[in-house]
Amino acid sequence: PLGTIRFTLDGSDPATSGTAQTYTAPVMLSSTVNIRAVAYDFLATSAVQADPLELIILPTYPLSVTTIGGGILNTNPFPGPYVSGSTVTITATPTNNWSFLNWTGHASGSDNPLPLLMDGEKDIQAVFGTTVTVGSGAGSVLSDPALAAYPYGTALKVTAIPPSGQYFNFWSGSGG
């Protein structure tokens, strides 16, 4: 009781070092340190020195996950920031009439869920797509580009081709 604790963060001897500090409140650290401490009784007539301790501060990184239209994203664990070397699992869940297509940003491919190693700041986007059904009366319809599923925001050019000797009259449905 009423004693004093002196410590260093550079590994030097706190009993003799000019860098020693007196402990009065919690110490905030942002990088790895070598802590050495000595405790003195009230009269400073006896002391006990603790074993040196290396305190390793691991970096943490933020993760940004986004999508526009067509689905939602979940991260596990949630929330960040995430410790360097940890793995975060991102799951893309499509809403009605949409399907998950692929990842962009700091990830690629279409694995879902996606295990992501946090070795730096990451920005991930999920791309969702939907089908477009085009039909025709007596003629045909060309879609450009012709895709099985169209990523959200894709511009689609649809051209009506009437049979020989006939004319295109009008569009109906969503395109009408």
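## A walk through the strands, rings and unusual backbone spots

Asn97 is an exposed residue, with a relative accessible area of 69%. As this is a predicted model, everything below describes computed geometry. Asn97 sits in the loop between E10 and E11, and its phi is positive, at about 70°, although Asn97 is not a glycine. Most residues other than glycine have a negative phi, and most peptide bonds are trans.

Ala44 is another residue of this kind: its phi is positive, about 60°, and Ala44 is not a glycine either. The loop between E3 and E4 holds Ala44. Is Ala44 buried or exposed? With 52% relative accessibility, Ala44 counts as exposed, because the exposed class begins over 50%.

That loop is worth a longer stop. Phe42 also lies there, between strand E3 (33-40) and strand E4 (47-49). Phe42 has 56% relative accessibility and therefore counts as exposed. Together with Leu2 and Leu43, Phe42 forms a nonpolar patch on the surface. The accessible area of these three residues together is about 400 Å².

### Cis peptide bonds

Let's turn from phi to omega. The bond from Phe78 to Pro79 is cis, with omega near -5°. Pro79 belongs to the loop between E8 and strand E9 (82-83). The bond from Asp144 to Pro145 is cis as well, and here omega is near 5°. Pro145 falls in the loop between strand E14 (140-144) and E15.

### How the strands pair

Strands of a sheet pair through backbone hydrogen bonds, either parallel or antiparallel. Which strands does E1 pair with here? Strand E1 (residues 4-8) runs antiparallel to E3, and five bridges join the two. E1 also runs antiparallel to strand E2 (residues 21-22), with two bridges between them. For a closer look at E1, follow two of its residues: Thr8 has Arg36 of E3 as its bridge partner, while Phe7 has Gln21 of E2.

Further along the chain, three strands make an open sheet in the order E8-E10-E12, with antiparallel pairing. Strand E8 (71-76) and strand E12 (114-117) stand at the edges; each has a single partner strand, so one side of each is left without a neighbour in the sheet. From one strand to the next, the twist averages 25°. Strand E10 (residues 87-94) is joined to E12 by four bridges, and these two run antiparallel. One residue to find in E10 is Thr89, whose bridge partner in E12 is Pro115.

### Aromatic pairs

How many aromatic pairs does a search of the whole structure find? It finds five. A pair of aromatic rings is described by the distance of the centres and the angle of the planes. Two of the pairs are set out here.

| Pair | Arrangement | Centre to centre | Angle between planes |
|---|---|---|---|
| Trp98 and Tyr152 | tilted | 5.9 Å | 45° |
| Phe100 and Phe128 | edge-to-face | 5.9 Å | 70° |

The pair of Trp98 and Tyr152 links distant parts of the chain, 54 residues apart. Trp98 lies in the loop between E10 and strand E11 (99-105). Tyr152 lies in the loop between strand E15 (150-151) and strand E16 (157-161). Trp98 has a relative accessible area of 25%, which makes it partly exposed. Tyr152 is partly exposed too, with a relative accessible area of 45%.

Phe100 and Phe128 come from two strands: Phe100 lies in strand E11 and Phe128 in strand E13 (residues 122-130), so this pair ties together parts that are 28 residues apart in sequence. Are Phe100 and Phe128 buried or exposed? Phe128 has a relative accessible area of 1% and is buried. Phe100 has 16% relative accessibility and counts as buried, because the cut-off for that class is under 20%. Both rings also take part in an aromatic cluster, formed by Phe100, Trp103 and Phe128.

Conventions
Residues are numbered from 1 along each chain as its sequence is written. This is a predicted model: local features need pLDDT of at least 70, side-chain atom pairs count only at pLDDT 80 or more; totals for chains, interfaces and linings use all residues. Side-chain values use heavy atoms; hydrogens and water are left out. Patches are made of residues with over 30% relative accessible area and no salt bridge: like charges are joined within 9 Å, nonpolar side chains (Val, Leu, Ile, Met, Phe, Trp, Tyr) within 5 Å. Accessible areas come from the Shrake-Rupley method with a 1.4 Å probe; for residues, only the protein chains shown count as cover. A salt bridge is a side-chain nitrogen of Lys or Arg within 4 Å of a carboxyl oxygen of Asp or Glu. Buried means under 20% relative accessible area, exposed over 50%, partly exposed in between (1.4 Å probe, protein chains only). Two strands pair if DSSP finds at least two bridges between them. Axes are lines fitted to C-alpha atoms, for helices over the stretch in contact, and angles run from 0 to 180 degrees between N-to-C directions. Rings of Phe, Tyr and Trp (its six-membered ring) pair if their centres lie within 6.5 Å; planes under 30 degrees apart count as stacked, over 60 as edge-to-face and the rest as tilted.
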